[in-house]
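Me: Could you walk me through how to read pockets in a protein model?
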Amino acid sequence: MNRNNGKTRNRRSWAEPYKIKMVEPIKMTTRPQREKAIADAGFNTFLLSSKDVYIDLLTDSGTNAMSDNQWAGMLLGDEAYAGSRNFDRLQKTITEYYGYEHTIPTHQGRGAEHILSMLTIRKGDSIPGNMYFTTTRMHQELAGGQFVDVIIDEAHDPTSLHPFKGNIDLDKLQSVIDDVGVAHIPYLCMHATVNMAGGQPISMANIRAASKLCHNQDIPVFLDATRAVENAYFIKIREEGFENTSIEDILKAMCSHTDGCTVSGKKDCLVNIGGFLALNDAELADRARNECVIYEGLHTYGGMAGRDMEAMARGIEESVEFNYLHARIGQVVYLGEQLLEAGVPIVEPIGGHGIFVDARRFLPHLTQDQFPAQALAAALYVDSGVRGMERGVVSAGRDPNTGQNRKSRLELVRLTLPRRVYTQAHMDVTAESVIDLFEKRDHIRGLTFSYEPDHLRFFRARFHPIGGDSILADAPVTSVSSTMSDTASV
Ligand code: F0G
């Protein structure tokens, strides 16, 4: 296969703009060992021990490989409690690349979400956004607010080829504002890229239009810029007029339409831990520093060590290099194209940080109440030791008002690619396993809860296969009607 990011087949291949200097051995396991490990983990891939995982595609969060330049920076950590020089360097770098004036460092992305939610949301408020993210919505709800989805309809359709499925539907946004009133909308929560839709980007035109619509009505706009650099790559290659603009300039232009951002540094910033809240409003930033001191740490470290902040500053500089991004997203495309060629249903277009397998179409014999994506992730682990993650009805959780499962329209298994970690051969092994499973898909059993936590249940829930003890049955599993899953509403 020619690694050409979906363009003409005859082009020459590219390769990663780095070479491997240090390796971490990984264990090969046998199928009986994996059968036992997944049963011990309650059929939840989050509960597997990493030592039992061969290729870990659970998340791209904090799983990045740092460069020699970043590791060198780790030795320059200024671990002073107050006023670390690495914080100054980080804040300058964030201003240079993202454009915001004030940086409040946090232990990771959800720390920034917590502070922003506490400061801006009052009980009864509504927060419109382009699809929910689990921790973001949780903090909005804990602060008394309610998330309202205003993403375009195409985002909920895994087969739609819209190039910017992360876009905000301006009519939906305006009608939320009309319904609840400006006074009850603390901000627009804009994600770039949209994780739960499959790493789908939002266009510059849409960022501009949605921000203008809000700003005209005095509603602030906060960007979840966790994967905004990857979003900038898509703008460069897909949006007219940006072919010749650098990633750096696109990123800055995206942010310039917004009032601040929350970032999990564990993704685009190429580090293993850390995050930040960045703001333009000096007064809000001051209040945020006060909260930071309570929940994260002093406002010049926010839960990060000095060395972590240095690594993050250097990671931000590396993250905007086009050749790096081309290889990073090219690897995702390489995996996705193999699956598409074999007829495996995945979310298209292929997104930025992973392949999202459509478990509804993969396992039509299971209803959504039998957690098809959870079951598929467990079966994939048993087949090959590849660890993916459920992003469907289990992740969507229960509606806090009704207590009912939120029936997410998307029922996906995410195969997320850590940055600069795996090789093309790892992608081949992964694709072969998914394709083999697809051929015996009717052997995969559904699941039922054996333990369900109150909040963010996907992290710690436990399950049991329906009709047997193992996730892969010896014979095809009897088909059941799936009409229930078609009435989805989230
Ligand atoms: N926003 C987005 C879009 C994210 O994907 C995440 C984390 C966060 C915020 C929260 O950041 O983990 O540093 O507290 N996503 C991880 C994932 C967990 O696997 O997608 P955090």
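What follows is a short talk through the pockets of this structure.

Reply: Ground rules: this is a predicted model, where local features need pLDDT of at least 70, side-chain atom pairs count only at pLDDT 80 or more, and totals for chains, interfaces and linings use all residues. Residues are numbered from 1 along each chain as its sequence is written, and side-chain values use heavy atoms, with hydrogens and water left out.

Me: What is a pocket, and how much space lies in the largest pocket?

Reply: On a 1 Å grid over the protein atoms alone, a pocket is an open set of points where a 1.4 Å probe fits, with protein on both sides within 12 Å along at least five of seven lines; lining residues have an atom within 4 Å of a point. Volume is the space filled by probe spheres set on the points, which are joined across faces, edges and corners. Here the largest pocket holds about 1500 Å³. It has 36 lining residues, and Ile20, Met22, Ala65, Arg420 and Val421 are the closest to its centre.

Me: Which domains does the lining of the largest pocket draw on?

Reply: Domain bounds come from an automatic or database domain assignment. At least three residues come from each of domain 1 (17-53 + 322-465) and domain 2 (68-319).

Me: And where does the second largest pocket lie?

Reply: Between those two domains, because both give residues to its lining. The second largest pocket has about 840 Å³ of space. Glu141, Arg398, Asp399, Pro400 and Arg406 lie nearest its centre, among 36 lining residues.
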